[in-house]
Amino acid sequence: MWSLCFLILTETGCYSFKGISIPTDIHTYYVENFQNNAISAPADINQRFSEALRSKIRNESRLIYNEQSPDLEFTGTISRFTLTPEAPQAGNTVALNKLEIIITVDLTNNKDESKNWKSKQFSYFRTFESDQDFISIQDNLINEIFDQILENIFNDAFTGW
């Protein structure tokens, strides 16, 4: 049984895990600290996102983190962090607020330039009741949004090889 799996894996030339597919010649990755270009975002949001992306790739792939000559390089910016009122009600009030985060990512594949991305945007939002204190729920909202954006980046980077 194991020899059949090994044969299939070597014949296709890709490593597959949880629906992802990584060519066997890709071994290492690097995530540069993302820049924070979103004026209203928390000061450490770029560091939190960069570390979350490093962690996701480390925990959900076979790739090894390497700052020197990596096979894949992720760079980018936190482009937007917006809090907007949603669901207007009578009396000039709103029922919901929306937090949206947009992250722009560049992927450099040093093994296959045709797999590179330039300025690909990933966004997600969460709504919350307008009577909630934003500061007290901000970190949880950011984490929920990051989870979805990270999943989207990971899937785009590691599927369709």
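# A tour of the aromatic pairs, the core and the strands

Begin by selecting the aromatic side chains of this predicted model, among which the count of ring pairs comes to 9. For a first stop, show Phe34 and Phe49, whose ring centres are 5.1 Å apart and whose planes meet at 65°, so the pair is edge-to-face. Phe34 sits in the loop between strand 3 and strand 4 (35-36) while Phe49 belongs to helix 2, so the pair ties together parts that are 15 residues apart in sequence. Neither ring will be found at the surface: Phe34 counts as buried at 0% relative accessibility, and Phe49 is buried with a relative accessible area of 0%.

Select Trp117 and Phe122 next, where the ring centres are 5.7 Å apart and the planes lie at 45°, so this pair is tilted. Trp117, at 12% relative accessibility, counts as buried, and Phe122 is likewise buried, with a relative accessible area of 5%. A further stop among the rings is the group of Tyr29, Tyr30 and Tyr65, which form one aromatic cluster.

Now zoom out and colour the chain by secondary structure, which shows 3 helices and 8 strands. Followed from the N terminus, the elements run α-β-β-β-β-α-β-β-β-β-α. Of the 161 residues in the chain, 37% count as buried, and the accessible surface comes to about 9,300 Å², with 49% of this area belonging to carbon and sulfur atoms. If contacts with a separation of 6 or more are displayed, 67% of them are accounted for by residues 24 or more positions apart.

With the whole chain in view, which residues have the most contacts inside the largest nonpolar core? Select Phe49, Phe74, Ile101 and Phe158, which hold that place in a core of 37 residues. At least two residues of this core come from each of strand 2 (20-23), strand 3 (28-31), helix 2 (45-60), strand 6 (72-89), strand 7 (93-109), strand 8 (117-129) and helix 3 (134-158). Helix 3 provides the largest share, with 12 residues. In general, nonpolar side chains in soluble globular proteins tend to be buried together.

Centre the view on Ile101 and list what it touches beyond four places in sequence: the set includes Ile45, Ile78, Phe81 and Phe122, together with Ile142, Ile145, Phe146 and Ile149. Arg80, Ser123 and Tyr124 are also among the residues that Ile101 touches.

Move to strand 3 and display its side chains, where Thr28 and Tyr30 point one way and Tyr29 and Val31 the other, all of them buried. Strand 3 is joined by 2 bridges to strand 5 (residues 64-65), and the two strands run parallel. Along this pairing, Thr28 stands opposite Ile64 of strand 5.

For the last stop, select Glu86, which is found in strand 6. Is Glu86 buried, partly exposed or exposed? At 28% relative accessibility, Glu86 counts as partly exposed, because buried is reserved for values under 20% and exposed for those over 50%. Beyond its neighbours within four places in sequence, Glu86 is in contact with Val94, Ala95, Leu96, Asn97 and Lys98. A distance drawn from C-alpha to C-alpha between Glu86 and Lys98 should read 6.4 Å, although the two residues are 12 apart in sequence. Finally, show the side chains of Glu86 and Thr84, which are joined by a polar contact of 3.4 Å.

How values were computed. Residues are numbered from 1 along each chain as its sequence is written. This is a predicted model: local features need pLDDT of at least 70, side-chain atom pairs count only at pLDDT 80 or more; totals for chains, interfaces and linings use all residues. Side-chain values use heavy atoms; hydrogens and water are left out. A nonpolar core is a set of buried Ala, Val, Leu, Ile, Met, Phe, Trp, Tyr and Cys residues joined through side-chain atoms within 4.5 Å. Buried means under 20% relative accessible area, exposed over 50%, partly exposed in between (1.4 Å probe, protein chains only). Helices (H or I, at least four residues) and strands (E, at least two) are DSSP runs, numbered from the N terminus. Contact means heavy atoms within 4.5 Å. Accessible areas come from the Shrake-Rupley method with a 1.4 Å probe; for residues, only the protein chains shown count as cover. Two strands pair if DSSP finds at least two bridges between them. A polar contact is a pair of N or O atoms within 3.5 Å; within protein, one must be able to donate a hydrogen and the other to accept it, and residues adjacent in sequence count only if both atoms are side-chain atoms. Rings of Phe, Tyr and Trp (its six-membered ring) pair if their centres lie within 6.5 Å; planes under 30 degrees apart count as stacked, over 60 as edge-to-face and the rest as tilted.
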